[in-house]
Amino acid sequence: MALPKRVRSFLQFILFTGVGVLILFLVYKSQNAAYIAECAKKGIPDEQCSLMEKLKTDFASVNYWWILTIIAAFIFSNILRAHRWLLLIKTLGTQGRLSNAFFTIMVGYFANMGLPRVGELVRAGLFAKYEKIGPEKVMGTIVVDRILDLLSLLFAIILAFILQGNVLYAFFQDRIGNSVFGQGWLYILIAVFFILMFSLYRFRRIIKQWSLYQKIHHLVEGFRDGLRSLRRVEKPWVLFLDTVLIWLMYYLMMFLCFYSFEPTAHLGGMAGLMVFVFGGLGVVFPSPGGMGTFHLMVITALAIYGIHGDDAFSFANIQYFSVQLLGCMLFGIIGLIALPLINKKAKPNVNEADHGTI
């Protein structure tokens with residue numbers, strides 16, 4: 001017997017939120033233990049050494065003028081995202097308003113904080129409602145929008161490995177090189193990779209019958225169809241420029257946060273790129289806004305550049321709450337209020353709407 005949709009949604013919310021909170025708790029617990037151990041070396045009693053108290057002190061010491069620049073980059077990135085989305089919407093033979101695109105994106109982010117990935121459905125439904133477009137068509141443009149983000153993230157990962165691969169290799173060599181695998185851990189991983197590839201090729205006929213393979217194949221086909229649809233965009237160079245600027249703003253949201261917190265203020269652009277990539281991978285995990293996984297990945301990346309775990313934990317929370325609370329939550333609520341107000345008077349003909357007006 002299938003569960004009602006509302007029950008399934010509630011259970012998914014509990015599951016994903018629980019996983020995010022659990023990971024965040026485990027990260028806090030490990031960092032708190034390390035912080036107490038560091039205090040013990042300095043002769044500071046345990047009762048005077050609390051990571052939570054340090055976190056409060058660090059938040060109080062933040063330069064909030066830099067946080068305002070992060071919020072400005074956040075807003076600008078999503079105006080650009082809304083503009084890029086309208087270029088995709090235009091391939092459907094219709095046009096939309098920039099205000100509706102922007103605020104439905106904000107509401108979608110807000111929804112993702114409750115239940116991961118539901119934000120895309122909320123975004124599509126709201127935009128379809130206010131622009132009088134079929135929701136399934138709008139959803140198709142959001143799929144293409146996400147494909148562009150995936151390609152951008154992959155490019156950022158490749159760029160980080162090209163520019164900072166030696167730093168990353170030295171870090172993991174130092175951490176893993178002395179483990180049970182000894183100095184040959186990298187060769188073991190390479191051997192496992194080739195064995196896996198050979199096994200996939202050898203048993204490909206059996207694997208093709210698996211339901212998991214069918215789902216992945218369907219996903220790849222959708223990815224390919226999404227890329228093909230980009231050929232219908234009237235101004236592909238504008239779409240490309242929007243994409244570059246969107247991800248430049250994302251990078252700046254991480255890099256500028258370095259300056260808001262004294263222990264990270266000395267880090268440079270390359271460190272910003274690495275932390276940005278690690279944090280982006282953390283957000284990909286389906287927990288509310290990347291809760292827990294974002295913190296874990298950012299702390300790992302900052303360790304590469306010698307930032308202590310307690311300071312890295314504070315930085316991860318400063319950046320996370322700046323974007324999630326001041327960005328996604330605040331503007332999501334504003335979007336819920338603004339959308340009905342700016343759409344009080346229905347447009348007589350959406351095809352005659354002014355593209356990009358706000």
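1. Let's start with a cation over a ring. The charged end of Arg-123 sits over the ring of Trp-85, 4.1 Å from the ring centre. Bear in mind throughout that this is a predicted model.

2. Now the overall layout. The protein has 13 helices and zero strands, so if you read along the sequence you get α-α-α-α-α-α-α-α-α-α-α-α-α and nothing else. Of its 358 residues, 43% count as buried. As for contacts, take the ones between residues at least 6 apart in sequence: 72% of these join residues at least 24 apart.

3. Next, the aromatics. The count comes to 15 aromatic pairs. In one of them, the rings of Phe-74 and Tyr-109 have centres 6.4 Å apart and planes at 45°, which makes the pair tilted because that angle is neither under 30 degrees nor over 60. Phe-74 belongs to helix 3 (residues 64–90) and Tyr-109 to helix 4 (residues 98–112), so this pair ties together parts that are 35 residues apart in sequence. Phe-74 and Tyr-109 are both buried.

4. Compare that with Phe-102 and Phe-103, an aromatic pair that is edge-to-face, at 5.2 Å centre to centre and 75° between the planes. Phe-102 is buried, and Phe-103 is too. Phe-103 comes up again under Leu-339, which it touches.

5. There is also an aromatic cluster to look at. It is formed by Trp-66, Trp-247, Tyr-250, Tyr-251, Phe-255, Phe-258, Tyr-259, Phe-276 and Phe-315. Two of these names, Phe-276 and Phe-315, turn up in the next point as well.

6. On to the nonpolar packing. Which members of the largest nonpolar core touch the most other members? They are Phe-276, Leu-302 and Phe-315, out of 80 residues. Leaving out residues up to four places away in sequence, Phe-315 touches Met-254, Cys-257, Phe-258, Phe-261, Thr-264, Val-275, Val-298 and Leu-302. Apart from the largest core lies another one, of eight residues, including Leu-88, Leu-148, Val-233 and Leu-239. In general, nonpolar side chains in soluble globular proteins tend to be buried together.

7. Leu-148 leads us to Thr-243, which sits in helix 10 (residues 236–260). Is Thr-243 buried or exposed? With 10% relative accessibility it counts as buried, because the cut-off is under 20%. Its side chain makes a polar contact of 3.0 Å with the side chain of Arg-84. Beyond residues up to four places away in sequence, Thr-243 touches Arg-84, Leu-148 and Ser-152.

8. Ser-260 lies in helix 10 as well. It is buried, with a relative accessible area of 2%. Where does its side chain reach? It goes to the backbone oxygen of Cys-257, at 2.7 Å. Cys-257 is also among the residues that Phe-315 touches. If you skip residues up to four places away in sequence, the contacts of Ser-260 are Ser-61, Val-62, Asn-63, Trp-66, Ile-67 and Ile-318. Trp-66, in turn, is one of the aromatic cluster.

9. Helix 2 (residues 51–61) is worth viewing down its axis. Its buried residues are Leu-51, Lys-54, Leu-55 and Asp-58. They cover an arc of only 105° around the axis, so they sit on the same side of helix 2. On the other side of helix 2, Lys-56, Thr-57 and Ala-60 are exposed. The background is the usual one: an α-helix has 3.6 residues a turn, so residues three or four places apart point the same way.

10. One backbone oddity to check is Lys-132, which has a positive phi of about 60° although it is not a glycine. Lys-132 is in the loop between helix 5 (118–131) and helix 6 (135–176). It is exposed, with a relative accessible area of 58%.

11. Last comes Leu-339, in helix 13 (residues 309–342). Leu-339 is buried at 2% relative accessible area. What separates it from Tyr-130 in sequence and in space? The two are 209 residues apart in sequence, and 8.2 Å apart in space from C-alpha to C-alpha. Not counting residues up to four places away in sequence, Leu-339 touches Asn-100, Phe-103, Thr-104, Val-107, Leu-126 and Tyr-130.

Note on methods. Residues are numbered from 1 along each chain as its sequence is written. This is a predicted model: local features need pLDDT of at least 70, side-chain atom pairs count only at pLDDT 80 or more; totals for chains, interfaces and linings use all residues. Side-chain values use heavy atoms; hydrogens and water are left out. Helices (H or I, at least four residues) and strands (E, at least two) are DSSP runs, numbered from the N terminus. Buried means under 20% relative accessible area, exposed over 50%, partly exposed in between (1.4 Å probe, protein chains only). A polar contact is a pair of N or O atoms within 3.5 Å; within protein, one must be able to donate a hydrogen and the other to accept it, and residues adjacent in sequence count only if both atoms are side-chain atoms. Contact means heavy atoms within 4.5 Å. The arc is that of the directions from the helix axis to the C-beta atoms. A nonpolar core is a set of buried Ala, Val, Leu, Ile, Met, Phe, Trp, Tyr and Cys residues joined through side-chain atoms within 4.5 Å. Rings of Phe, Tyr and Trp (its six-membered ring) pair if their centres lie within 6.5 Å; planes under 30 degrees apart count as stacked, over 60 as edge-to-face and the rest as tilted. A charge sits over a ring if NZ of Lys or CZ of Arg is within 6 Å of the ring centre and within 35 degrees of the ring normal.
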